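Work through the exercises below with the sequence and the model open. Each task is followed by a solution in steps.

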Amino acid sequence: MRSLSCSRPSYVRFFNLSPNRVDIIWINYEGIGVTYKTLNPREYHDVNTFVSHPWIFRNSSTFDAMTTFTAEGHKRNDLVFKPIETSSRKIVFITLPFYSLKERCFRRLRDLKLSDSDIAGFEIPRTLKDDYNFFLKNGHTVNNGE
């Protein structure tokens, strides 16, 4: 994923609906993320971009991916925002993605910064402990349909 040369403009307003600080990141021509701005909750930032320029959004403290949606039809849970050609500014809402209960629990455990021995002492099935360790290493749960 990277930006391509394009002359078709898109005018967007990125609006942070989440309770977290969010980094707005443009994926440049080499496929490298460039942080444009960090938004506090309920803040927005206007960007003049192009149709071929992808954008992603991350929680500033955990680096978790955020999701976007628009009133014009971009569905919720899009992790990459791909602009459409516009002549007027369109609002792009940034919010928390939908997580399975398992992944939400893993994220909460990670945020508590528990030690390996704390986790090892939990009376839960070994498979959940293994899945949690996979989550810590990879940033997501095992791909089991969730």
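**Exercise 1. Surroundings of Thr70**

Task: Leaving aside neighbours within four places in sequence, find which residues Thr70 is in contact with, and state where Thr70 is found.

Solution. Contact means heavy atoms within 4.5 Å. With the neighbours within four places set aside, Thr70 is in contact with Phe81, Ile91 and Val92. Thr70 itself is found in the loop between strand E6 (67-69) and E7. Thr70 has a relative accessible area of 9% and is therefore buried; the classes are buried under 20% relative accessible area, exposed over 50% and partly exposed in between, with a 1.4 Å probe and protein chains only.

This is a predicted model, in which local features need pLDDT of at least 70 and side-chain atom pairs count only at pLDDT 80 or more, while totals for chains, interfaces and linings use all residues. Residues are numbered from 1 along each chain as its sequence is written, and side-chain values use heavy atoms, with hydrogens and water left out.

**Exercise 2. The chain as a whole**

Task: Describe the secondary structure, the extent and the domains of the chain.

Solution. Helices (H or I, at least four residues) and strands (E, at least two) are DSSP runs numbered from the N terminus. On this basis the chain has three helices and seven strands, in the sequence pattern β-β-β-β-β-β-β-α-α-α. The C-alpha atoms fill a box of roughly 55 × 30 × 25 Å along the principal axes. An automatic or database domain assignment supplies the bounds: domain 1 is 9-95 and domain 2 is 101-140. Their centres, taken over C-alpha atoms, are separated by 30 Å. Of the 146 residues, 34% count as buried. Among contacts with a separation of 6 or more, 66% join residues 24 or more positions apart.

**Exercise 3. Two sheets**

Task: Give the strand order and the edge strands of each open sheet.

Solution. Two strands pair if DSSP finds at least two bridges between them.

- Three-stranded sheet: the order is E3-E2-E5, with antiparallel pairing. Strand E3 (33-39) and strand E5 (55-59) each have a single partner strand, so one side of each is left without a neighbour in the sheet. The twist averages 30 degrees from one strand to the next, with axes fitted to C-alpha atoms and angles from 0 to 180 degrees between N-to-C directions. Six bridges join strand E2 (residues 22-27) to E3, and the bridge partner of Ile27 in E3 is Gly33.
- Four-stranded sheet: the order is E4-E1-E7-E6, with mixed pairing. Strand E4 (44-50) and E6 are the edge strands, each pairing on one side only. E1 and E4 run antiparallel and are joined by seven bridges; Phe15 has Tyr44 as its bridge partner in E4.

**Exercise 4. The nonpolar core**

Task: Identify which residues have the most contacts inside the largest nonpolar core, and which elements give two or more residues to this core.

Solution. A nonpolar core is a set of buried Ala, Val, Leu, Ile, Met, Phe, Trp, Tyr and Cys residues joined through side-chain atoms within 4.5 Å. The largest one has 13 residues, and Val12, Phe14, Ile24, Trp55, Phe57, Phe81 and Ile94 have the most contacts inside it. Two or more residues each come from strand E1 (9-16), E2, E5 and strand E7 (90-95). E2 gives the largest share, three residues. Beyond four places in sequence, the contacts of Ile24 include Phe14, Trp55 and Phe57.
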